[in-house]
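Have your viewer ready and the sequence panel open. We will go from one selection to the next, with a word on what to look for at each stop.

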Amino acid sequence: MLKHRSAVAVLALGLVLGVSSLAFTQDKPAKPERGERHPQIHAAMRALNVAARHLVHAEHHFSGHRAKALELVKQAEGELKQALEYAKEHPEEGGKPAARRAPATGATTTPAPKTQ
């Protein structure tokens, strides 16, 4: 029982340290490599690849949680690949977030009344 708790504690500590190290680099934009159009997505894919390698080489199976985490990492990698495919098929959107897009044509915007 103590061995199981210490293994879980080590896993949790590793997760906390990994997330905290991401927090220090999060304010820096990802550097594009060789003309990448979506550097943040590519950086996330590289990070997921590293996470998958760590999970594959982990010494303990953690009662199936390691395998489930690896499955979810692979699922996330697939989602990012689909996101890049979508961006490639829809270049007119330019990768801008929905909140920044211009209103649809024909839509009228009324300025808010001034209050004093």
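Start by selecting Ile41, His42, Ala44, Met45, Leu48, Asn49, Ala52, Leu55 and Val56 in α2. Then add their partners in α3, which are Arg66, Ala69, Leu70, Val73, Lys74, Ala76, Glu77, Leu80, Lys81 and Leu84. Colour this contact by residue class and you should find 13 nonpolar, 2 polar and 4 charged residues. Keep in mind that you are looking at a predicted model.

Next, show the two helices whole: select residues 39–57 for α2 and residues 65–89 for α3. If you draw their axes, the lines come within 10 Å and cross at roughly 160 degrees. An angle over 145 degrees counts as roughly antiparallel, and α2 and α3 therefore run in roughly antiparallel directions. Which hand does the crossing of α2 and α3 have? Turn the view to look through one helix at the other: α2 passes α3 in a left-handed crossing.

Now zoom out and colour the protein chain by secondary structure. You will see 3 helices and 0 strands, in the order α-α-α from the N terminus on.

Switch to colouring by burial. Of the 116 residues in the protein chain, 12% are buried. With the surface turned on, the accessible area is about 10,100 Å², and carbon and sulfur atoms account for 61% of that.

For a last stop, display the contacts between residues at least 6 apart in sequence: 43% of these join residues at least 24 apart.

Note on methods: Residues are numbered from 1 along each chain as its sequence is written. This is a predicted model: local features need pLDDT of at least 70, side-chain atom pairs count only at pLDDT 80 or more; totals for chains, interfaces and linings use all residues. Side-chain values use heavy atoms; hydrogens and water are left out. Helices (H or I, at least four residues) and strands (E, at least two) are DSSP runs, numbered from the N terminus. Buried means under 20% relative accessible area, exposed over 50%, partly exposed in between (1.4 Å probe, protein chains only). Contact means heavy atoms within 4.5 Å. Accessible areas come from the Shrake-Rupley method with a 1.4 Å probe; for residues, only the protein chains shown count as cover. Axes are lines fitted to C-alpha atoms, for helices over the stretch in contact, and angles run from 0 to 180 degrees between N-to-C directions. Angles under 35 degrees count as roughly parallel, over 145 as roughly antiparallel, 65 to 115 as roughly perpendicular and the rest as oblique. A crossing is left-handed if the near helix is turned anticlockwise from the far one by less than a right angle, and right-handed if clockwise. Ala, Val, Leu, Ile, Met, Phe, Trp, Tyr, Cys and Pro count as nonpolar, Asp, Glu, Lys and Arg as charged, and the others, Gly among them, as polar.
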